[in-house]
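Good morning, and thank you for making time for this item. I should like to walk through one structure with you, beginning with its interior and ending at its ligand.

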Amino acid sequence: MSILVVGSVAFDSIQTPHGTVDRCLGGAATHFALAASFFTKVRVIGVVGEDFTAQHEAVFRARGIDTEGIEHSAGNSFHWTGEYRENLSEAHTLRTDLNVFERFQPKIPASYRDSDFLFLANIDPALQQQVRQQMPRVRLVCGDTMNYWITGHRENLQAVMKGLDVLLINDGEAKLLGDDANLVRAAGRIMEMGPKTLIVKHGEYGATAFFGDHSFPSGVHNRFFRAPAMPLAEVVDPTGAGDSFAGGFFGHLASQPEITPAQFKRAMFYGGVMGSFAVERFGTERIQALTREEIDQRFASFQELSHLDAE
Ligand code: AMP
């Protein structure tokens, strides 16, 4: 099974209490694709500028990611400048330079058309929608977004949400989108906007799934599921944690013959595993160096950490 992802391929300039990096490879689609590549085949749709070199592309290729859908355009790549202060769960955006994304019209290569899974990573919801409409027959569509689009592009975002099986956002975004400081009530309002299932990420505290009547063909027994996060003594750079969570989550789902509630829950654990690795170093560094053995080991630790024996 292959996943098609559309989203930002970017350069990030990041400041955290651990230090500063200037223009490292980043972007929502990049972090997502690298994480998902440990589970299944990944194809990327995005746009980059002249500052994106063969060396940057090699980072994708080294993980077997198909880059045919990354368009090269005149100008500079998307550039995000952000800072994390004491509270590492909260990114402060200092600058967003859309650059080549401003004029981007996503085109889907013929070889991508048979993708079964579609991930609409964080990018202008108008672009997410263009890709969604060109892929009417996918089996499962999952999407992400952020404050920037929730506050400034609400109408376009609502159109995207109507076509989503799963919406994956963090808790601050969920409260903003659902317009309620109570997460359960906010989740209820968000699910009325379209997504069949909502996953809310809580940064260092894990993630919660909110299931609805249409989450699974067999129906649901529970309305909520909470997956843990790994308690870490050191978080170097939280950038990309959310997208790496999404990559682990969606990558695992795409590798399964059937999407059952049990596999959905395992997928959330894999999401937590990938997110926990992503934050250990700046940018994509940790995930680039990761092995499948390390993923399996940490998955076992996650199980251990949240397991309760029957009496
Ligand atoms: P996260 O996984 O939520 O930490 O997302 C991090 C990535 O989102 C960074 O690598 C940024 O390049 C990217 N990003 C930040 N702002 C935006 C935006 N407005 N649109 C698309 N991508 C963005």
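What you see is a predicted model, and I ask you to keep that in mind throughout. Let me begin with the interior. The largest nonpolar core has 57 residues, and those touching the most other members are F119, I199, F249, F250 and F264. The element that gives the most to this core is helix α9, residues 261-278, with nine residues. A second core, separate from this one, has 42 residues, W80, F101, L120 and V160 among them. As general background, nonpolar side chains in soluble globular proteins tend to be buried together.

Which residues does I199 contact, once its neighbours within four places in sequence are left aside? There is the run V166, L167, L168 and I169. There are also A207, T208 and A209. The remaining partners are F245, F249, F264 and M268. Of these, F249 and F264 were already named with I199 among the residues that touch the most other members of the largest core.

I turn now to the strands, and to β4 in particular. How many of the eight residues of β4, residues 41-48, are buried? The count is seven, and the strand is thus mostly covered. Strand β4 pairs with β1, residues 2-6, through five bridges, and the two run parallel. In that pairing, V5 stands opposite V44 of β4. Strand β4 is also joined to β5, residues 70-72, by three bridges, again in parallel. Here V47 has E71 of β5 opposite it.

Finally, the ligand. There are 19 residues around it, and S8, D12, G27, G240 and D243 come nearest. At least two residues of this shell are supplied by each of β2 (10-16), α1 (28-36), β6 (78-84), α4 (147-152) and α8 (241-254). Helix α8 gives the most, with three residues.

For those who may wish to examine the polar contacts, I have three distances. An N or O atom in the side chain of D243 is 2.6 Å from an oxygen atom of the ligand. For G27, a backbone N or O atom lies 2.7 Å from a ligand oxygen atom. In the side chain of W149, an N or O atom is 3.5 Å from a nitrogen atom of the ligand. How much of the ligand's accessible area does the protein cover? On its own the ligand has 510 Å² of accessible area, and the protein covers 88% of that.

Thank you; I would welcome your comments.

Technical notes:
Residues are numbered from 1 along each chain as its sequence is written. This is a predicted model: local features need pLDDT of at least 70, side-chain atom pairs count only at pLDDT 80 or more; totals for chains, interfaces and linings use all residues. Side-chain values use heavy atoms; hydrogens and water are left out. A nonpolar core is a set of buried Ala, Val, Leu, Ile, Met, Phe, Trp, Tyr and Cys residues joined through side-chain atoms within 4.5 Å. Buried means under 20% relative accessible area, exposed over 50%, partly exposed in between (1.4 Å probe, protein chains only). Helices (H or I, at least four residues) and strands (E, at least two) are DSSP runs, numbered from the N terminus. Contact means heavy atoms within 4.5 Å. Two strands pair if DSSP finds at least two bridges between them. A residue is near a molecule or strand if one of its heavy atoms lies within 4 Å of it. A polar contact is a pair of N or O atoms within 3.5 Å; within protein, one must be able to donate a hydrogen and the other to accept it, and residues adjacent in sequence count only if both atoms are side-chain atoms. Accessible areas come from the Shrake-Rupley method with a 1.4 Å probe; for residues, only the protein chains shown count as cover.
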